[in-house]
Structures are given as C-alpha cells and as structure tokens.
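This report describes selected features of one structure for a reader who has not met it before. The sequence and the model come next, followed by the description.

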Amino acid sequence: MDESDVIDRVRDLKIETPSWGYGDSGTRFKTFPWPGAARDVWEKIDDASVVNRLTGAAPSVALHIPWDRVDDYRQLRRYAQDRGLRIGAINPNLFQEDCYRLGSLCNPDPAVREKAIQHVIDCIEICKKTGSKVLSLWLADGTNYFGQDSLMRRRRLLEEGLEKIYTHLPGDVRLLLEYKFYEPAFYHTDVPDWGTSYILCRKLGSKAKVLVDTGHHALATNVEQIVSTLLQEGALGGFHFNSRNYGDDDLVVGTADPFQLFRIFFQITEAEMSGDAVASNCAREIAYMIDQSHVIEDKIEAMILSVVNCQEALAKALMVDRDALERFQRKGDVLGAHEVVRKAFLTDVRPILEDMREEAGLPLDPIQAYRESGYAGRIAKERGRSKSRGSGYPE
Ligand code: RM4
Ligand code: MN
Ligand code: MN
C-alpha cells in the first residue's frame, strides 16, 4: 500500500478512551493519588478532549455507571460535544455493590438478578440520552470453588437475563459482551471465553457482538486468531485494548508486546481487504476502545501513547506486501512468507504518521506536545485548589 493510502486508512482509525483511565486507580495494595487526576466525569471529559485535540483520533469517551453517574445525561452529552467529543460505550457496573458477592445476572437470589437487570436497563436509557450506540457488558460473575454453584443453572440464568436486557435495546444500539477467564472469580467465570460469548450473542440476535479485551486470555492464547475467526463469523463487536505481561494488567497498549498488536491489526486489515463481505463489513464496524487503569504513570500521557501505539500498529499492518505474501504462502515458502510480515513490522512508520498529522494540522509528536503544553501542571494546581463538581455540574 502506498503512503497516501496508509495515511487515509490510519486517519479513519478512531479510538475510544475510557473515563476510568483518567481518574486515580490502584492495585489491591495501594492507590497512589496522581496530582491533578480527574475527580469526576466532567474532568475526565476535559482530559479526554486534550487527548483528542492532540491526536485527532480519540473522539469518544466510554463511561462506567455508577462511577460516572450524573443528574442530567443530556447536559453531559452537551458538555462533551462542546469539547469536540461524543459519549461512547456505556458500561454498567455490576460488580461493586455488596449484593453482588455471588454474582449479578447469575446470582442465586432472584432479587439481586432483578436489580442487576434493572441497572442494565437504566444504562440503556443512558445510551438513549447520551446518544451512545454501544452498551458494553462485562460480568464479574463466577464462583471460587468447585461445587459452589451449579454451572448449568447459572448458564440458564445468564441466558434469561441477557434476553430480558436485549429486548430493551433500541435498534441502533449494540450490545457488546466481554469475556474473561478469571478474576474476580477464581474457579470459573460465567463468560470465560470468546466461544461462550459468541454462543450467547448468536442466541440473542444480530445486535449482540463479542468484545475482545486483549488482557482477558490465558497466557500464550493466540488472540489474533480469535479476532480472525470472529470477523469471519461477523461476530466481532469491538476491542478493549491494553497490554499485559501476566494477568489483566491493563497497561498501556502496545508496550509489552507491540508485535501482538501488529498481528491483531494485520488480521483486521486482512478482513477489510478480503473479498469476504461478512468479514470486511464486520471489520469496518469494530468499536476500538481502550480499557486501561493507570496506576503510577501520567494518565493523559498514557492515553496519548496508547492511541499512537494503535496508529503505528495499524500503519505497519498496512505496510505488508499482500501480493508477495500470498505468493510465498501458495508456494509453501515458510520463511519467505514470514519475512514479508517481519519486514512490515520492522518498518519505521513514524515519518508517515508525521505526514498524516501535518496534513491534519496536528502536532507531529502528540506526546511531546502534551509535555510542552503545561496542561499537566495546570490541572495539578487547579484541581488541588478547587472542589470536585460531582454529579451535578454546573449547579
Ligand atoms: C474488567 C473488564 C471491564 C472493565 C472492568 C473495570 O476487568 O475489563 O471491561 O470495565 O474491568
Ligand atoms: Mn475490559
Ligand atoms: Mn479487564
């Protein structure tokens, strides 16, 4: 692909950043307060707009409810719009209240299940008010011990709960169902893998799609193969990008294993360019989202780096000489084929991305621009003095 085509495609890549990545978060050992970290959803949106302004590639923000609860969601939508942003995926939080000790949709207590379903329905209302087109569901449901609960019964409850939720979805809102093989439950989780999520989504209908969080697999899982399979089935709804060395580390995407991120984008671009209508349409509808918790690093800089790393991985994937690759593959030239993708991965795409940014009137190096902007110092001072606006801004 020549440079101008690469630029056109990378310019189209829009990555959603998560509100929770702008606030303080910690491990189970300690939360270190970051000077100037966003304290409420208004500040999170302010910070997200900085990321979007410097990268031109992060125009929407995902919310977690109730973490980002406000009194007036239409006002929140306007607040975001005034800063050049949209409200992205709404993530119902079904794991933080005491009643969810044994799960949410799969809880043995019908009253808790009802409450969980109602919370998701309330979140669908928030989608309508904020203009969000994605309801993103991750369940912390699972058990810690063999025998603790019936896997069969929980599976039935899960299907019933999801069906009730699905009937409330407006025609233009998609339900993305995330899977995770462990944590916080340590024996089983009710949606452990892409296969389970896919089966559930198929039963629900075409508005339900699988969400792949890159940190939610056992080590050594071939994530890009999952991506390719789901694309071919028209079942991939979106990503939660992050990077990991061990568990669900939620580090800056593309830092621990940039080669994996490249391999994922390679599968996406292959689907896009393929003659397979299902796969290419599915690829074009992917919701690219970041799901990270920044514990010890500057949260805004971490988000800018995340966006840049995704852009670089996509640009490298586009550098693959597809014709040469196919020739080597058909000949059975194992290392000849591998060399084609290796060469693309090793290409320094930064000058191309600089050209793209220059054309768009963006800073050539968004991280340096952020560092020089003085924004970090300013919010550290201002937010240190002022009070959080909570849910009721601007009253
Ligand atoms: C989970 C999962 C969800 C995220 C929560 C906070 O591990 O990745 O997507 O919303 O964490
Ligand atoms: Mn996630
Ligand atoms: Mn996670």
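## A buried asparagine in a helix

The side chain of Asn309 comes within 2.9 Å of the backbone oxygen of Val253. The model is predicted. Asn309 is part of helix α10, which covers residues 299-318. Its relative accessibility is 14%, so Asn309 counts as buried.

## Ligand 1 and its surroundings

Ten positions need to be looked up to see what surrounds ligand 1: His64, Trp67, Trp138, Glu178, Lys180, Asp213, His216, His240, Asp248 and Asp291. Three aspartates among them have a polar side-chain atom placed against an oxygen atom of the ligand, as the table shows.

| Residue | Distance to an oxygen atom of ligand 1 |
|---|---|
| Asp213 | 3.1 Å |
| Asp248 | 3.0 Å |
| Asp291 | 2.8 Å |

On its own, ligand 1 exposes 290 Å², and 89% of that area is buried by the protein.

## The manganese ions

Which residues coordinate the manganese ion that is ligand 3? The donors are NE2 of His216 and OD of Asp248, at 2.2 Å. A distance of 3.9 Å separates this manganese ion (ligand 3) from the manganese ion that is ligand 2. The two coordinating residues come from distant parts of the chain, 32 residues apart: His216 belongs to the loop between β8 (208-213) and α7 (223-232), and Asp248 to the loop between β9 (236-241) and α8 (258-273). His216 and Asp248 are both buried.

## Salt bridges

Side chains of opposite charge can pair when their charged atoms come close. The model has 27 salt bridges.

One of them involves Asp248 again, whose side chain meets that of Lys180 with N and O 2.9 Å apart. This pair, too, links distant parts of the chain: Lys180 is in the loop between β6 (174-178) and β7 (188-189), Asp248 is in the loop between β9 and α8, and their positions lie 68 residues apart in the numbering. Lys180 has a relative accessibility of 6% and therefore counts as buried. Asp248, at 17%, also counts as buried because the limit is 20%. Asp248 thus appears in three settings: beside an oxygen atom of ligand 1, as a donor to the manganese ion (ligand 3), and in the salt bridge with Lys180.

Another salt bridge joins Asp47 and Arg383, with the closest N and O atoms 2.8 Å apart. Asp47 lies in helix α2 (residues 41-55) and Arg383 in helix α15 (residues 375-385), so this pair ties together parts of the chain that are 336 residues apart in sequence. Both partners are buried: Asp47 has a relative accessibility of 1%, and Arg383 has a relative accessible area of 8%.

In the salt bridge between Arg39 and Glu43, the closest N and O atoms are 2.6 Å apart. Is each partner buried or partly exposed? Arg39 is partly exposed, at 33% relative accessible area, whereas Glu43 is buried, at 3%.

## Backbone details

Two peptide bonds before proline are cis. The bond from Ile65 to Pro66 has omega near 20 degrees, and Pro66 is in the loop between β2 (60-65) and α3 (73-82). The bond from Glu183 to Pro184 has omega near 5 degrees, and Pro184 sits in the loop between β6 and β7.

Positive phi values occur at two residues other than glycine, Ala220 and Asp250. Ala220 has phi near 80 degrees and is located in the loop between β8 and α7. With 82% relative accessible area, Ala220 is exposed. Asp250 has phi near 55 degrees and belongs to the loop between β9 and α8. At 11% relative accessibility, Asp250 counts as buried.

## A nonpolar patch on the surface

Phe146, Leu151 and Tyr187 make a nonpolar surface patch of about 370 Å². Phe146 lies in the loop between β5 (142-143) and α5 (151-167). The relative accessible area of Phe146 is 73%, so this residue is exposed.

Technical notes:
Residues numbered from 1 in each chain as written. Chains lettered and ligands numbered in written order. Predicted model: local features only at pLDDT ≥ 70, side-chain atom pairs only at ≥ 80, totals over all residues. Heavy atoms only, no water. Patch = residues over 30% accessible without salt bridge, like charges linked within 9 Å, V, L, I, M, F, W, Y side chains within 5 Å. Areas by Shrake-Rupley, 256 points an atom, 1.4 Å probe, with all protein chains shown as cover. Salt bridge = Lys/Arg side-chain N within 4 Å of Asp/Glu carboxyl O. Helix = DSSP H or I, 4+ residues; strand = E, 2+ residues; numbered from the N terminus. Buried < 20%, exposed > 50% of the residue type's maximum accessible area, 1.4 Å probe, protein only. Near = heavy atom within 4 Å. Polar contact = N/O pair within 3.5 Å; in protein donor to acceptor, adjacent residues only side chain to side chain. Donors = N, O, S within 2.8 Å, 3.2 Å for Na, K, Ca; no water.
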